[in-house]
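Q: Got a minute to go through this one with me? I'd like a quick tour before I start making figures.

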Amino acid sequence: MRKMLFNSVIRVPLTEPAPPVDDAALAELAASVERTARRRLGRSLSIREVDAGSCNGCELEIHALNNAFYDLERFGIRFVASPRHADVLLVTGPVTKNMREALTRTYAATPDPKWVVAVGDCAIDGGVFAGSYAVEGGVSSILPVDLRIRGCPPRPEQLLRGLLALLQMSARSQ
Ligand code: SF4
């Protein structure tokens, strides 16, 4: 036991080092999302995450937006518990047949104006689950999708860039 504890102290971690993140660029990106949301909505952005059958890899990256490192709430961007308080639905997963109704109900409960973002390859076209008897094959087969963010899973910076692009796109189409 002592040997095992000793080895665990001196061994290098087996996990890959985290990719470097430019904190200033990240802060600028998140602040741009916040500014654009205030211009477009008159307030900060509220996001509801919907797991429509993902492997949870995409959720880990989405949750990272709220951790102490990214801390999106400092820019006023927040995740909400109810679709009734949301502006954006971030949907992950290939939409399993079991989640279809829950997803359509969540969409119906979200007030206008609302946007749907398909997060990850599975949400875009089924990804690694494409062709399975148990899935619908992507969010756009069920709901109108405003933005697709590719990746398996997409990184938090990609999610932020996607949200910014979405808000800018909607502001231009007004
Ligand atoms: S895109 Fe990749 S990480 Fe995201 S739910 Fe699908 S398999 Fe998992």
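A: Sure, one term up front: a residue is called buried if its relative accessible area is under 20%. By that cut-off, 44% of the 174 residues in the protein are buried. Keep in mind that this is a predicted model.

Q: Okay, predicted. What's the mean pLDDT of the protein?
A: The mean is 85, and 94% of the residues reach 70 or more.

Q: And where is confidence lowest?
A: In helix 2, residues 23–41, with a mean of 71. At the other end of the scale, helix 4 (residues 100–109) has the highest confidence, at 96. Where pLDDT is low, the coordinates shouldn't be read in detail.

Q: Fine. How many helices and strands are there?
A: Six helices and five strands. Starting at the N terminus, the elements go α-α-β-α-β-β-α-β-α-β-α.

Q: In what order do the strands sit in the sheet?
A: The order is 2-1-3-4-5, in an open sheet with parallel pairing. Strand 2 (78–79) and strand 5 (147–149) are at the edges with a single partner strand each, so each has one side without a neighbour in the sheet.

Q: What packs on that sheet?
A: Helix 3 does, touching strand 1 (46–51), strand 2, strand 3 and strand 4. The direction of helix 3 makes about 145° with that of strand 3. Helix 4 lies across strand 1, strand 3 and strand 4, and runs at about 170° to strand 3.

Q: Back to strands 3 and 4 for a sec. How many bridges do they pair over?
A: Five, in the parallel sense, between residues 88–92 of strand 3 and residues 115–119 of strand 4. As an example, L90 has V117 in strand 4 as its bridge partner.

Q: New topic: the ligand. Which residues surround it?
A: The shell is S54, C55, G57, C58, G120, D121, C122, V128, G151, C152 and P153. Helix 3 (57–64) and helix 5 (121–125) are the elements that give two or more residues to that shell.

Q: How does the shell break down by class?
A: Six nonpolar, four polar and one charged.

Q: Last bit, for the figure. What does the C-alpha trace span along its principal axes?
A: About 65 × 45 × 25 Å.

Q: And what share of the contacts with a separation of 6 or more comes from residues 24 or more positions apart?
A: That share is 79%.

How values were computed
Residues are numbered from 1 along each chain as its sequence is written. This is a predicted model: local features need pLDDT of at least 70, side-chain atom pairs count only at pLDDT 80 or more; totals for chains, interfaces and linings use all residues. Side-chain values use heavy atoms; hydrogens and water are left out. A residue is near a molecule or strand if one of its heavy atoms lies within 4 Å of it. Helices (H or I, at least four residues) and strands (E, at least two) are DSSP runs, numbered from the N terminus. Ala, Val, Leu, Ile, Met, Phe, Trp, Tyr, Cys and Pro count as nonpolar, Asp, Glu, Lys and Arg as charged, and the others, Gly among them, as polar. pLDDT is the predictor's confidence in each residue, from 0 to 100. Two strands pair if DSSP finds at least two bridges between them. Contact means heavy atoms within 4.5 Å. Axes are lines fitted to C-alpha atoms, for helices over the stretch in contact, and angles run from 0 to 180 degrees between N-to-C directions. Buried means under 20% relative accessible area, exposed over 50%, partly exposed in between (1.4 Å probe, protein chains only).
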